[in-house]
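Have the viewer open and the sequence to hand? Let's take a walk through this chain, starting with its empty space and ending with one odd backbone angle.

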Amino acid sequence: MAKRKIGINPKKFEVSQIKFYVILAPFVAFMLLPIIFIVNHAFKPMDELFAFPPTFFVKQPSLENFKNLLKASQISNIPLSKYVFNSLVVTILVVILAVLITSMAGYVLSKKNFKGKKIALELNNTALMFVPTAVTIPRYIIINVLGLENNFLAHILPLLAMPVALFLIKQFIDQVPNELIEASLMDGASEWTVYWKVIMPLIKPALATAALLVFQAVWNNIETSQLFMTSDSLRTLAFYLNTFAANTNLVVGQGIAAAASLIMFIPNLVLFIILQSNVMNTMNHSGIK
């Protein structure tokens, strides 16, 4: 009887894959530990939050922390829904604009030749080395000069520049054959048509990855609310939950902080689960064959 040939990357489960699962399972479990802890920590009652030695898993799950957060938010002059609305509007606008601007810049830097192109690429690569804290003062000076303090645009403009997203998209566009673009131009397509109908469909994995990176940066950002806003009605949910938990009674504040951390974490997790296949394609540069 002839042996059944097993493919290198079988589409269905094969016995030969067991060894890989055995090797990867401990790493997967280790990577899941922070997520499991955040979820368990949010549902711990007060006695478990302050237990010594601390426990990893919750023994008696409770909604007490979320109830305390809701009660405390009702005392505030600004309703919690206002902060949620601000965060959603800012995040959606920045994600859309940043991905659009980054993809256009990536196309130009990848497929067009112009004076100063290498300098622009080097500047973007250099920007990858700077942490947000390093550009806090320049950002504040620019917003102050533009007169955008206490203006909704101050939430948006400083976050539109995403060097990491530009780098990933540019690298992905490099894989698009030049012949495809030249053929489109010869057929009478404009530069905008080439960008929108040729480039954009081919770089969807990179766009999804960029959108995820931008979302995480904006959704968790407290800098713009802290530095550029003096009106609470213009601040975001991340800033509110961060400062609220810090300024609350030490005992109750620990529980509220745990609940707030889970609330801020869930959207990031959900979005990553939805876009994870695109993220992997981007990292492996396998979106275009």
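A quick definition before we start: on a 1 Å grid over the protein atoms alone, a cavity is a set of points where a 1.4 Å probe fits but cannot get out. Bear in mind too that what you're looking at is a predicted model. With that in place, the structure holds one cavity of 30 Å³ or more, and the volume of the largest cavity comes to about 70 Å³.

Who sits around that space? The lining of the largest cavity is made up of Ser87, Val90, Thr91, His155, Leu159, Val218, Trp219, Asn221, Thr224 and Thr236. Sorted by class, that gives six polar residues, four nonpolar and no charged ones. Helix 4 and helix 11 each put at least two residues into this lining, and helix 4 has the largest share, with three.

Now zoom out to the whole chain. There are 14 helices here and zero strands, so to speak an α-only run from the N terminus on. Of the 289 residues in the chain, 35% are buried. If you take contacts between residues at least 6 apart in sequence, 71% of them join residues at least 24 apart.

On to the packing. In soluble globular proteins, nonpolar side chains tend to be buried together. Here, the largest nonpolar core has 42 residues, and the members that touch the most others are Val94, Tyr107, Ile169, Ile199, Ile203, Val214 and Leu241. Two or more residues apiece come from helix 3 (64-75), helix 4 (80-111), helix 8 (163-173), helix 10 (191-202), helix 11 (204-219), helix 13 (237-247) and helix 14 (250-284). Helix 11 gives the largest share of this core, eight residues.

Val214 is a good residue to click on. Once you set aside its neighbours within four places in sequence, Val214 is in contact with Val94, Val95, Ala98 and Met162. Apart from the largest core lies another one, of five residues, including Ile143, Leu148, Phe228 and Met229.

Met162 turns up again at the largest pocket, which holds about 490 Å³ of space. This pocket is lined by 18 residues, and the closest to its centre are Pro132, Arg139, Ala161, Met162 and Pro163. By class, the lining has 15 nonpolar residues, two charged and one polar. Helix 8 and helix 11 each supply at least two of the lining residues, with helix 8 giving the most, three.

Next, the rings. The structure holds 10 aromatic pairs. One of them is Phe37 with Phe56, a tilted pair at 5.6 Å centre to centre and 45° between the planes. This pair links distant parts of the chain: Phe37 belongs to helix 1 (residues 18-42), while Phe56 is in the loop between helix 2 (46-49) and helix 3, 19 residues apart. Are these two rings buried or exposed? Neither, as it turns out: Phe37 is partly exposed, because its relative accessibility is 31%, and Phe56 is partly exposed as well, with a relative accessible area of 30%.

Phe43 and Phe66 make another pair. Their ring centres are 5.2 Å apart and their planes lie at 45°, so this pair counts as tilted. Because Phe43 is in the loop between helix 1 and helix 2 and Phe66 is in helix 3, the pair ties together parts that are 23 residues apart in sequence. Phe43 has 25% relative accessibility, so it counts as partly exposed; Phe66, at 21%, is partly exposed too, given that buried means under 20%. Elsewhere, Tyr107, Trp192, Tyr195 and Trp196 form one aromatic cluster, and Tyr107 is also among the residues that touch the most other members of the largest core.

Last stop, the backbone. Most residues other than glycine have a negative phi. Asn150 has a positive one, near 60°. You'll find Asn150 in the loop between helix 6 (136-146) and helix 7 (153-156). Its relative accessibility is 32%, so Asn150 counts as partly exposed.

Conventions. Residues are numbered from 1 along each chain as its sequence is written. This is a predicted model: local features need pLDDT of at least 70, side-chain atom pairs count only at pLDDT 80 or more; totals for chains, interfaces and linings use all residues. Side-chain values use heavy atoms; hydrogens and water are left out. A nonpolar core is a set of buried Ala, Val, Leu, Ile, Met, Phe, Trp, Tyr and Cys residues joined through side-chain atoms within 4.5 Å. Buried means under 20% relative accessible area, exposed over 50%, partly exposed in between (1.4 Å probe, protein chains only). Helices (H or I, at least four residues) and strands (E, at least two) are DSSP runs, numbered from the N terminus. Contact means heavy atoms within 4.5 Å. On a 1 Å grid over the protein atoms alone, a cavity is a set of points where a 1.4 Å probe fits but cannot get out, and a pocket is an open set with protein on both sides within 12 Å along at least five of seven lines; lining residues have an atom within 4 Å of a point. Grid points are joined across faces, edges and corners, and a volume is the space filled by probe spheres set on the points. Ala, Val, Leu, Ile, Met, Phe, Trp, Tyr, Cys and Pro count as nonpolar, Asp, Glu, Lys and Arg as charged, and the others, Gly among them, as polar. Rings of Phe, Tyr and Trp (its six-membered ring) pair if their centres lie within 6.5 Å; planes under 30 degrees apart count as stacked, over 60 as edge-to-face and the rest as tilted.
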